Amino acid sequence: MNIDYPLQTQSEDLRSLWHEAFGDDDAFLDIFYNHGFNPDRCRCITQDGKVVAALYWFDCSLNGQPLAYLYGIATAKAYRGKGLCRALLENAHSHLKYLGYAGIVLVPGDEKLSKLYEKLGYTPCTTISEFSCAAAQEPVALRKVDSAEYCQLRRSLMPANGVIQEGDALPFLEHLADFYAGEDFLVTVTRQDPFFATELLGNTQAAPGILAALHWNKGTFRYPGNHRSFAMYHPLSDAPAPEYFGIAFD
């Protein structure tokens, strides 16, 4: 078993593993491997020359301290139950600490994974809320914003001790979602059907009017709240855990 970086930036083994683990289609994989992937932000396990487990991360920060947002953690079905995920994560912890990251944040896909990550030193650190609603009769005024204005507005509206997700994560996010701003809100809307806003900051009562403005009959919005656990945190230093993590690439 070897734990290392993939040798190629467009490894077919990595794509095949991702498709098997998560079921995403080629269109999404093209977006990720063209705009979100960096071989310096990936660790994988190879056996017999084949990638059998992998993980990726995006750079983010909390109060100026660098964090790693782990993403796309997967093991090939034929190799599950052999401790490969644990070995890969433990290796990633050591590697990220060596690189100077203050901590690691991730968003587990289900309760079973949450328990696995707890055994590896992760603790729940942030919560989130979601609600669905129908469109209002009258739209609110909103405008599409570019990435520079999005980052500025997001920093001004985000809760205290929230994770800043910019840098390399932004080009990937721009291919998955659109950014809109109103008088007292910022909303990130995925390019999918049904309507889903991965983050609504500011005035949540604007949601029905946002739907009307974007010509949707109904939709779901995610916003800062305490309805359910969301992100988990693994410290690599004495830096405190974040209190808000807004956008998961789910």
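Biologist: Are F32 and Y33 buried or exposed?

Modeller: This is a predicted model, where local features need pLDDT of at least 70, side-chain atom pairs count only at pLDDT 80 or more, and totals for chains, interfaces and linings use all residues. Residues are numbered from 1 along each chain as its sequence is written, and side-chain values use heavy atoms, with hydrogens and water left out. Buried means under 20% relative accessible area, exposed over 50%, and partly exposed in between (1.4 Å probe, protein chains only). By that yardstick, F32 and Y33 are both buried.

Biologist: How many degrees lie between the planes of F131 and Y223?

Modeller: Rings of Phe, Tyr and Trp (its six-membered ring) pair if their centres lie within 6.5 Å; planes under 30 degrees apart are stacked, over 60 edge-to-face, and the rest tilted. F131 and Y223 sit 5.5 Å apart, centre to centre, and their pair is edge-to-face, with an angle of 70°.

Biologist: How many residues apart in sequence are the parts that this pair ties together?

Modeller: Strands here are DSSP runs (E, at least two residues), numbered from the N terminus. F131 belongs to strand 7 (residues 127-134) and Y223 to strand 12 (residues 218-229), so their pair links parts separated by 92 residues.

Biologist: Which residue of strand 13 is the bridge partner of G103?

Modeller: Two strands pair if DSSP finds at least two bridges between them. Strand 5 (residues 103-106) and strand 13 (residues 232-235) run antiparallel, joined by four bridges. For G103, the partner in strand 13 is P235.
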